[in-house]
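User: Could you take a close look at one part of this model for me, the main nonpolar core and what packs around it? I'd like one connected walk through it.

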Amino acid sequence: MEDSERWRAVGRIEAGQSITDVALFFGARHSVISRLWKQFQTSQTVVRIPVAGRPRVTTPAEDRYIVVASKRNQRSTFTRVTSMVAAAIHKTVSANTVRRRLHMNGLYARVPRDCVPLSVHSRGARLKWCRQHVNWTVSDWGNVIFTDESRFALQSDDKSVRVWREQGTRNRPENITEHHAFRGGSIMVWAGILLGYRTDLHIYRQGSVTAVRY
């Protein structure tokens, strides 16, 4: 955080906001704002105190570029991100430096979430159903039983692909990978729920849940 933002953060806390709310407002970690507040209470300043040690390799502007580059190329490998940054700022930057800058800004390499591709027709049908039932009461839903089946792969993927994302952004479209295959075999499970009740869990080791099985 810049010094101006640090002073603003302290001002918000003095005005009565919680450390959690201030951290969310500035997009910073709770621990960062907590240390900032403790520093202000102790020294009445938020200016960073110079410390001895190795000087920073990158400037604040270059740190921001590292974050922007990783967000623009979310599916690039860590090695690729490091190479792009070094070429752009014309400076040798170690992989550890890039990793630290990304982590400081809340970016971590995570496995993208899988989802089932939906056609335009399927999306339209789901939206229509939701609109038809948006005003239903609890009593209305009490007469409905929801059933569903799910297929589980017996052998998972290696999940070697990573995506650079911030915490809490797992369900954004750019962080999801569509996936169909069930390698190594699978089993089908079926169950139903309604208000105050649930069915037994049925496991089918072969085939799908057909009308006959229902």
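**A close look at the core**

Analyst: Let's start with Ser70, which counts as buried because its relative accessibility is 0%. Keep in mind that this is a predicted model. Ser70 sits in helix α4. Leaving out residues up to four places away in sequence, Ser70 touches Val81, Leu102, Leu107 and Trp164. Take Val81: eleven residues separate it from Ser70 in sequence, and the C-alpha to C-alpha distance is 6.3 Å.

Some of those partners take us straight into the largest nonpolar core. This core has 13 residues, and the ones touching the most other members are Ile66, Phe78, Val81, Val85, Val98, Leu102 and Trp164. Two or more residues each come from α4 (60–72), α5 (78–89) and α6 (95–104). The biggest giver is α5, with five residues.

Now for Trp164. Again not counting residues up to four places away in sequence, Trp164 has contacts with Ser70, Asn73, Gln74, Ser76, Phe78, Val81, Leu102, Leu107, Tyr108, Ala109 and Asn175. So which residues of α6 are buried? They are Thr97, Val98, Arg101 and Leu102. These four end up on the same side of α6, because they cover an arc of only 130 degrees around the axis. As for what they pack against, the buried residues of α6 meet α4 and α5, plus the strands β1 (107–110) and β4 (163–166). Just past the end of α6 comes Gly106, with a positive phi of about 80 degrees.

That's one core, but there's another. Apart from the core with Ile66 and Trp164 among its members lies another one of eleven residues, including Ala9, Val22, Phe26 and Trp37.

To finish, a look at the outside. Where does nonpolar side-chain surface show up as a patch? Trp129, Phe146 and Ile193 form one on the surface, and together they have about 310 Å² of accessible area. Of these, Phe146 belongs to strand β3, which covers residues 146–153. Phe146 counts as partly exposed because its relative accessibility is 39%, whereas Ser70, back where we began, is at 0% and counts as buried.

How values were computed. Residues numbered from 1 in each chain as written. Predicted model: local features only at pLDDT ≥ 70, side-chain atom pairs only at ≥ 80, totals over all residues. Heavy atoms only, no water. Patch = residues over 30% accessible without salt bridge, like charges linked within 9 Å, V, L, I, M, F, W, Y side chains within 5 Å. Areas by Shrake-Rupley, 256 points an atom, 1.4 Å probe, with all protein chains shown as cover. Salt bridge = Lys/Arg side-chain N within 4 Å of Asp/Glu carboxyl O. Buried < 20%, exposed > 50% of the residue type's maximum accessible area, 1.4 Å probe, protein only. Core = buried A, V, L, I, M, F, W, Y, C linked by side-chain atoms within 4.5 Å. Contact = heavy atoms within 4.5 Å. Arc of directions from axis to C-beta.
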